[in-house]
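Thank you for asking for comments on this model. The remarks below are arranged as numbered points, from the overall fold to individual residues.

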Amino acid sequence: MVFKQIILWILLISVVFFSFRVVYGLLVFMFKKDKTAMYVPSFNRHIRLMKAHLKLTRWKKLVDLWCGDGKAMRFFTEQFGVQCDGYELQRFPYHYGKLCNRLLWYPQLKLYKKNFLQADIMRYDYIYVYLLPNQMAQIESRIFKNMNPHTIIISNSFKFVIHKPYEVIKNIKWKPSIFLYKK
Ligand SMILES: C[S@@+](CC[C@H](N)C(=O)[O-])C[C@H]1O[C@@H](n2cnc3c(N)ncnc32)[C@H](O)[C@@H]1O
């Protein structure tokens, strides 16, 4: 009986906490002046799709430009053994991400509380982005100009405006969901 109650409490706290994350993201998005991507971690359905279709090489380096709480980074390092760095500007996702990495024992993941414009993207073999279309358009020329020729960009849900993906991963409803780019 007590055990059941503990489980119910844990479930309730989890639901409240995860709803809070979504509400927080929405509020920040509504009230901030520039309409940059809000804090929404990659959805599990996209993570499952990437797990099924991507083949990343162990020990190579990945950067999540605007990494939120680092959910996608934890997936990439767990699934493919790549080394991940992430850049995030907002205080809550940054600190929450650091806490998750500590509690879930991902000491190797590096989160920087910086604008990604300060990242040296030449250093990375993979670049992961999950951003709104307007931001994709803003960063497109900068990323393609500065990335290495061998680097692969993995874009969740949204496409760049000018460049065409060399591969598109579709979900079970046949909707294009993950876009892969090279220079
Ligand atoms: C949609 S979330 C992506 C989260 C993460 N990449 C994932 O897939 O789980 C986008 C994040 O970008 C952050 N962001 C927006 N503009 C930024 C900037 N200029 N520099 C760093 N982070 C930024 C937002 O705070 C938000 O948490």
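The points that follow concern the fold, the central sheet, the packing of helices, the ligand shell and selected loop residues.

1. Status and composition. The coordinates are those of a predicted model. The chain contains 5 helices and 7 strands, and from the N terminus on these elements follow one another as α-α-β-α-β-α-β-β-α-β-β-β. Of the 183 residues, 26% count as buried. Among contacts with a separation of 6 or more, 62% are between residues 24 or more positions apart.

2. The sheet. The 7 strands form an open sheet in the order 3-2-1-4-5-7-6, and the pairing is mixed. Its edges are strand 3 (110–112) and strand 6 (167–170), each of which pairs on one side only. On average, neighbouring strands of this sheet are turned by 20° against each other, direction ignored.

3. Strand 4 and its two neighbours. Strand 1 (residues 61–65) runs parallel to strand 4, to which it is joined by 4 bridges. Within this pairing, Val 63 has Ile 127 as its bridge partner, and Asp 64 has Tyr 128. Strand 4 is also joined by 4 bridges to strand 5 (residues 152–156), again in the parallel sense. Here Tyr 126 is bridged to Ile 152 of strand 5. The connection from strand 4 to strand 5 passes through helix 5 (residues 133–146), and this β-α-β crossover is right-handed.

4. Burial of strand 4. Which residues of strand 4 (residues 126–129) are buried on each side? Tyr 126 and Tyr 128 are buried on one side, while Ile 127 and Val 129 are buried on the other, and both faces of the strand are thus covered. In a regular strand, side chains alternate between the two faces of the sheet. Two of these buried residues also appear in the bridges to strand 1: Ile 127 as the partner of Val 63, and Tyr 128 as the partner of Asp 64.

5. The hairpin of strands 6 and 7. Strand 6 and strand 7 pair in the antiparallel sense over 4 bridges, with Glu 167 standing opposite Leu 180 of strand 7. The hairpin has 5 residues between its strands. One of the residues in the loop between strand 6 and strand 7 is Trp 174, which is not a glycine but has a positive phi near 70°. Trp 174 counts as exposed because it has 7 C-beta neighbours inside 10 Å.

6. Helix 2. Helix 2 (residues 44–53) packs on the sheet, where it touches strand 5, strand 6 and strand 7 (176–181). The direction of helix 2 makes about 50° with that of strand 7.

7. Helix 3. The buried residues of helix 3 (residues 71–80) include Lys 71, Ala 72, Met 73, Arg 74, Phe 75 and Phe 76. What do the buried residues of helix 3 pack against? They pack against helix 2, strand 1, strand 2 (83–87) and strand 4. Lys 71 and Arg 74, which are charged by class, are thus listed as buried in this helix. Helix 3 is followed by Gly 81, which has a positive phi near 70°.

8. The ligand shell. The ligand is surrounded by 20 residues, and the closest are Tyr 39, Ser 42, Trp 66, Gly 68 and Leu 89. By class, this shell is made up of 12 nonpolar, 5 polar and 3 charged residues.

9. Trp 66. Among the closest residues to the ligand is Trp 66, which lies in the loop between strand 1 and helix 3. The phi of Trp 66 is positive, about 75°, although the residue is not a glycine. Is Trp 66 buried or exposed? Trp 66 counts as buried, because it has 22 C-beta neighbours inside 10 Å.

10. Gln 90. Gln 90 is situated in the loop between strand 2 and helix 4 (91–103). With 19 other C-beta atoms within 10 Å, Gln 90 is partly exposed; a residue needs 20 or more such atoms to be buried. Gln 90 and Lys 113 are separated by 23 residues in sequence, and their C-alpha atoms are 7.5 Å apart in space.

Terms used: Residues are numbered from 1 along each chain as its sequence is written. This is a predicted model: local features need pLDDT of at least 70, side-chain atom pairs count only at pLDDT 80 or more; totals for chains, interfaces and linings use all residues. A residue is buried if 20 or more other C-beta atoms lie within 10 Å of its own, exposed if 12 or fewer, and partly exposed in between; C-beta atoms are placed from the backbone. Two strands pair if DSSP finds at least two bridges between them. A crossover is right-handed if, with the strands pointing away from the viewer, the path from the first strand over the helix to the second runs clockwise. Axes are lines fitted to C-alpha atoms, for helices over the stretch in contact, and angles run from 0 to 180 degrees between N-to-C directions. Two residues are in contact if their C-beta atoms, placed from the backbone, lie within 7 Å. A residue is near a molecule or strand if its C-beta atom, placed from the backbone, lies within 6 Å of it.
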